[in-house]
Amino acid sequence: MGERKVLVKVPASTANLGPGFDTLGMALNLFAWIEMSMSEQTRIHLHGDQLKGVTDTKSNLVYQVAREVFTAAGEAPPELEITMYSDIPLARGLGSSATAIIGGMVAANALIGNKLSKDELFQLSSRLEKHPDNVGASLFGGIVVAYWDGNRAEYIRIEPDPRLEVLAVIPEFHLETEKARGVLPKQVSMSDAVFNVSHSSLLVVALSTGNLRMIRHAMQDKLHQPYRSSLIPGMDAILREAADYGALGVALSGAGPTLLALVEAGSGHKEALARFMSETLNRNGIASRTLWLKPCPDGAQVLTQGSENSTLFENIEGEIRA
Ligand code: HSE
């Protein structure tokens, strides 16, 4: 068809950061890339170990959200050629579905000359996910404080402190968000709600003013982690003790099962902390791998391609982890 091809790079994210359930998100420097062009027939090509098992039919999430963007912009959804590569593990609490949603939306929107604003993409994606934390971080980058009230999403972005590093300890098993939300109670006590309001508020101020010492006190939660801990054996001990091994703070990443510690760059405790976290899971029969990451200041970006004929891999060579 000779249509334009766009390439989008979109960051993974961690949600909640402990007390900010469905509210706080942080983009991470672990990425997925989506290439998209209009075509005569829909074809979806998926690459990389992390996309094994993902459908390449028209039920693919990237294709589905692209259709939503065309429709919202008043355009008839075209057939699409989509190529995707991802370094983000699926169903581990690192926002893989949010990256598919944001990557697909940003790519489709670029194909039609950015008819929708970023805010419109944020509204569309929050409506789809029903919480704005992962999609907000993948779209805007940095740390995002947001709400979704069932109608509109609003957010403020915080620049991540350059001293922050992130240790992700990723269990080998998958945990679907639906299952991890299914163990949460319908109602909580006033004292638990107050606990989270105060801790989440303190955490937001600690992160925006660079008060790293306060993070370990602020990064405590009573709304979701206590209920989810039965799904991740060893998690309670990690949440209780990681600060003693040099973490600035520790939390379940999103709906889990990944556990995430914030660490000060240059800390001499990095190896001991990683060992403590993975050995604790191991003692509970859970194999895991550790990844050292950084907060990613940028949200999804449309990259300039080498040439119209270059392949996805030629364009992202040197950036992928595999
Ligand atoms: N805030 C969400 C949760 C993130 O914890 O369930 C997972 O999508």
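Colleague: Of the 70 residues in the largest nonpolar core, which touch the most other members?
Modeller: In this predicted model, the largest share of that core, 10 residues, is contributed by helix 2 (residues 96–111). Within the 70 residues of the largest nonpolar core, the members touching the most others are Met-36, Leu-80, Ile-215 and Leu-262.

Colleague: Where does this core lie with respect to domain 1 and domain 2?
Modeller: The protein is divided into domain 1 (5–158 + 298–315) and domain 2 (164–293). Of the 70 residues in the largest nonpolar core, some come from each of these domains, so the core lies between domain 1 and domain 2.

Colleague: Which residues does a second, separate core of 22 residues include?
Modeller: As general background, nonpolar side chains in soluble globular proteins tend to be buried together. In this model there is, apart from the core between the two domains, a separate core of 22 residues, and among its members are Leu-167, Leu-175, Leu-259 and Val-263.

Colleague: How many residues of domain 1 are in contact with how many residues of domain 2?
Modeller: The centres of domain 1 and domain 2, taken over C-alpha atoms, are separated by 25 Å. Contacts join the two domains, and they involve, from domain 1 and domain 2 respectively, 25 residues and 37 residues.

Colleague: With which residues is Met-36 in contact, leaving aside its neighbours within four places in sequence?
Modeller: Met-36 is one of the residues that touch the most other members of the largest nonpolar core. With neighbours within four places in sequence left aside, its contacts are Arg-4, Lys-5, Val-6, Val-62, Ala-66, Leu-80, Glu-81, Ile-82, Gly-104, Ala-107, Ala-108 and Leu-111.

Colleague: How far apart are the end C-alpha atoms of helix 6 (residues 190–209)?
Modeller: Helix 6 has 20 residues, and at 1.5 Å a residue these should span 28 Å. The distance in the model agrees with that expectation, the end C-alpha atoms being apart by 29 Å.

Colleague: What arc do the buried residues of helix 6 cover around the axis?
Modeller: The buried residues of helix 6 are Asp-192, Asn-196, His-199, Ser-200, Leu-203, Val-204, Ala-206 and Leu-207. An α-helix has 3.6 residues a turn, so residues three or four places apart point the same way. The buried residues accordingly lie on the same side of helix 6, because around the axis they cover an arc of only 165 degrees.

Colleague: Which exposed residues are on the face of helix 6 turned away from its buried side?
Modeller: The buried residues of helix 6 have a cover that includes strand 2 (24–38), strand 5 (143–148), strand 6 (153–158), strand 7 (164–171), helix 7 (212–218) and helix 8 (225–228). The face turned away from the buried side carries the exposed residues Met-190, Ser-191, Val-197 and Thr-209.

Colleague: Which elements are included in what covers the buried residues of helix 10?
Modeller: In helix 10 (residues 270–283), the buried residues are Leu-273, Ala-274, Phe-276, Met-277, Thr-280 and Leu-281. They cover an arc of only 160 degrees around the axis, which puts them on the same side of helix 10, whereas Glu-271, Asn-282 and Arg-283 are exposed on the other side. The cover over the buried residues includes strand 7, helix 9 (235–241), strand 8, strand 9 and strand 10 (288–293).

Colleague: Is Ala-137 buried or exposed?
Modeller: Ala-137 is found in helix 4 (residues 133–140), and its contacts beyond four places in sequence are Pro-11, Ser-13, Gly-25, Met-26, Ala-27, Gly-142, Val-144 and Gly-299. Since its relative accessibility is 0%, Ala-137 counts as buried.

Colleague: What is the phi of Asn-16, which is not a glycine?
Modeller: Most residues other than glycine have a negative phi, and most peptide bonds are trans. Asn-16 sits in the loop between strand 1 (5–15) and strand 2, and at 2% relative accessibility it counts as buried. In the same loop, the one between strand 1 and strand 2, Asp-22 has a positive phi of about 60 degrees. For Asn-16 the phi is positive as well, at about 80 degrees.

Colleague: What is the omega of the peptide bond that joins Gly-256 and Pro-257?
Modeller: Pro-257 is found in the loop between strand 8 (249–252) and strand 9 (259–264). The bond joining Gly-256 to Pro-257 is cis, with an omega of about 10 degrees.

How values were computed:
Residues are numbered from 1 along each chain as its sequence is written. Side-chain values use heavy atoms; hydrogens and water are left out. Helices (H or I, at least four residues) and strands (E, at least two) are DSSP runs, numbered from the N terminus. The expected span of a helix is 1.5 Å times one less than its number of residues. Buried means under 20% relative accessible area, exposed over 50%, partly exposed in between (1.4 Å probe, protein chains only). The arc is that of the directions from the helix axis to the C-beta atoms. Contact means heavy atoms within 4.5 Å. A nonpolar core is a set of buried Ala, Val, Leu, Ile, Met, Phe, Trp, Tyr and Cys residues joined through side-chain atoms within 4.5 Å. Domain bounds come from an automatic or database domain assignment.
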